[in-house]
Amino acid sequence: MDAGTHNPFVSEWNGVTAAPEEDVNRLITFTGVTKRYPDGTVAVHDLDLEIPAGRITVLVGPSGCGKTTTLRMVNRMIDPTTGTITVDGRDIREVDPPKLRRGIGYVIQQAGLFPHRTIIDNIATVPYLLHQDKKQARARALELMERVGLDTALAKRYPSQLSGGQQQRVGVARALAADPPIMLMDEPFSAVDPIVRHQLQDEFLRLQSEVEKTIVFVTHDIDEAVKLGHRIAVFQVGGVLAQYATPDELLANPANDFVRDFLGGDRGIRRLRFVQELDAEAAAEAAVQAADGGPPPPTDDEAATAGER
Amino acid sequence: MSAVLSPVAVGDSGEPLIRWDWIGRNSDIITHALNDHLVLAIVPVLVGLAVSLPIGLLCARYRWLYAPVVGITSVLYAIPAIALFVVLVAFTGLTRTTVIIPLTLYTLSVLVPAVVDGMDSVPEHVRQAATAMGFGTLRRLVQVELPIAVPVVMAGLRVATVSNISLVSVGALIGVGGLGQLFTDGFNRDFTTPIVVGIALIIALAIVADVLLLIVQRVLTPWARAGGSRRTERRAVRAELATPEEAAL
Ligand SMILES: Nc1ncnc2c1ncn2[C@@H]1O[C@H](COP(=O)(O)OP(=O)(O)OP(=O)(O)O)[C@@H](O)[C@H]1O
Ligand SMILES: [Mg+2]
């Protein structure tokens, strides 16, 4: 499972025109997937969804609409009641769950860091599980800390000694440690305050432009969805997929009243802002990072790419 | 010590509360009683831990088991030691085993809930993150859940150890009571010195055991004490972020 070998999006990330939609490599597919919990709750209803490789696909919708359930069916934390899910063309029911999961990064809201392990060992968790060389795993963990904007001086600390924003960064680094082609992210930035959240989002976009993972990103925040998503799947309660489209398409042509309401009354403004915001954000981020001594701001190429989405 | 003892150190018979020379002459007996006491207190804790761990883990996993198990251990706890001795003597005689069994049962009533609480102290998101990263059930238990449960289990272990150290003396009723033997001796002869020595040693033993366990706990869980700097650090990070962000707006 190596996304790099069949990833048609490298060129687009570099600021060149997107590959035509038909050519998109569907890394994860849901076919007729329904999840009914034992108590009768239908969390996901007859879902057909194709998630492209190397891009960020956002699942968005109100609380209880089945986003987490959908996400967790990908790594078999939850098994569908009916329907089929494939990853890289392979029915995931054929794969032993722990094995499947070691190839899929997972980031959650509360970070889920191991309180009893140092930051560096937290990050190296999956490489350890895969019996990779300890020294190498640690070296890579340090490298990842830098990549996600963490001071490597924090390596020997415990998670409780980090701020919420730092913990989220560790969560992202940990998910990336074994270089999985797929990352599942469940509201990863929602537990931190807005300033940190925006910074994390920006850094996440920059990081993604380098690593080009296939990312399934859950949020209930439509602004976050629009900012991060190449494609957005809007769910409504009952686990029904209301619309699956690019952010621009979604804002321009909401499929129904539910989507229109969910996007909110300031849809026109949001759409405008969606296009403008990127420049402003790049500037703000540059200021933050310059003062922070952090990683460099996104290049013009990335900003241009983001603008095209 | 002498300041406390001297003024009140006179009984009915005019005998002092403590006669230091007795201690010197009977150091063998005292050492022996102390050793006995230690064994009688520690074996039930070790056996109790070994038994509580699987029972506690089962109860944590199959919740419906927990109430009946706690019920049973509580009932056992409520049975007076003397009653258990009477029953057990018929099977195990006037041996250490007769003392160790009730103490082990008492230990269970402390440690089974401690293990269950310890497992409950593992945050659900941590458990799920472990699963999502590809830990199997056993590996997750050994590498994630049990280590995180250690502080809570250790707290139970300390309670069980200290209370066992005091409970052992009851064994003196059947002639196997460690330092409790000194009590019987003292009462029989209306002689306070062994009693005072016994009490002092039991307290000292309890304190030493507790401190040792505390040290073990700290060594095992360096992470549990970490975190003191977190709040200040968080504030620092906020301040750091707020300034440039505001400047940019
Ligand atoms: N284990 C479960 N048993 C029964 N019902 C469940 C279970 N987990 C989730 N549900 C229900 O399934 C529905 C979808 O839940 P899910 O967690 O997928 O929603 P979500 O979109 O992630 O919501 P949120 O934004 O609040 O996280 C909800 O109605 C929820 O109550
Ligand atoms: Mg959710």
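Start by selecting A:Arg76, which comes after helix 2 of chain A and has a positive phi, near 65°. Helices here are DSSP runs of H or I with at least four residues, strands are runs of E with at least two, and both are numbered from the N terminus. What you are viewing is a predicted model, where local features need pLDDT of at least 70, side-chain atom pairs count only at pLDDT 80 or more, and totals for chains, interfaces and linings use all residues. Residues are numbered from 1 along each chain as its sequence is written, chains are lettered from A and ligands numbered from 1 in the order in which they are written, and side-chain values use heavy atoms, leaving out hydrogens and water.

**Stop 1: helix 2 of chain A**

Now step back to residues 67-74 of chain A, which form helix 2. Seven of its eight residues are buried, so the helix is mostly covered. Buried means under 20% relative accessible area, exposed means over 50%, and partly exposed lies in between (1.4 Å probe, protein chains only). Among the buried residues you can click on are A:Lys67, A:Leu71, A:Arg72 and A:Met73.

**Stop 2: A:Gln201**

Next, select A:Gln201 in helix 8 (residues 194-211) of chain A. Is A:Gln201 buried or exposed? A:Gln201 is buried, with a relative accessible area of 2%. Leaving aside neighbours within four places in sequence, A:Gln201 touches A:Phe189, A:Glu224, A:Lys227 and A:Leu228; contact means heavy atoms within 4.5 Å. Try drawing a C-alpha to C-alpha distance from A:Gln201 to A:Glu224: the two are 23 residues apart in sequence and 8.1 Å apart in space.

**Stop 3: all of chain A**

Zoom out to chain A, which has 13 helices and ten strands. Of its 309 residues, 56% are buried. Chain A exposes about 12100 Å², with 50% supplied by carbon and sulfur atoms; accessible areas come from the Shrake-Rupley method with a 1.4 Å probe, and for residues only the protein chains shown count as cover.

**Stop 4: all of chain B**

Switch to chain B. How many helices and strands are there in chain B? There are twelve helices and zero strands. Buried residues make up 42% of its 249 residues. Its accessible surface is about 12800 Å², and 69% of that belongs to carbon and sulfur atoms.

**Stop 5: helices 4 and 6 of chain B**

Select helix 4 (residues 63-78) of chain B together with helix 6 of chain B: they pack at an angle of about 150°, with their axes 8 Å apart. Axes are lines fitted to C-alpha atoms, for helices over the stretch in contact, and angles run from 0 to 180 degrees between N-to-C directions. Helix 4 and helix 6 of chain B are therefore roughly antiparallel (under 35 degrees counts as roughly parallel, over 145 as roughly antiparallel, 65 to 115 as roughly perpendicular and the rest as oblique). Where they meet, look for residues including B:Tyr66 and B:Val69 in helix 4 of chain B, and B:Tyr106 and B:Pro113 in helix 6 of chain B.

**Stop 6: helices 6 and 8 of chain B**

Keep helix 6 (residues 96-120) of chain B and add helix 8 (residues 137-167) of chain B; their axes come within 8 Å and cross at roughly 150°. That makes helix 6 of chain B roughly antiparallel to helix 8 of chain B. Residues making this contact include B:Leu103 and B:Tyr106 of helix 6 of chain B, and B:Ala149 and B:Gly156 of helix 8 of chain B.
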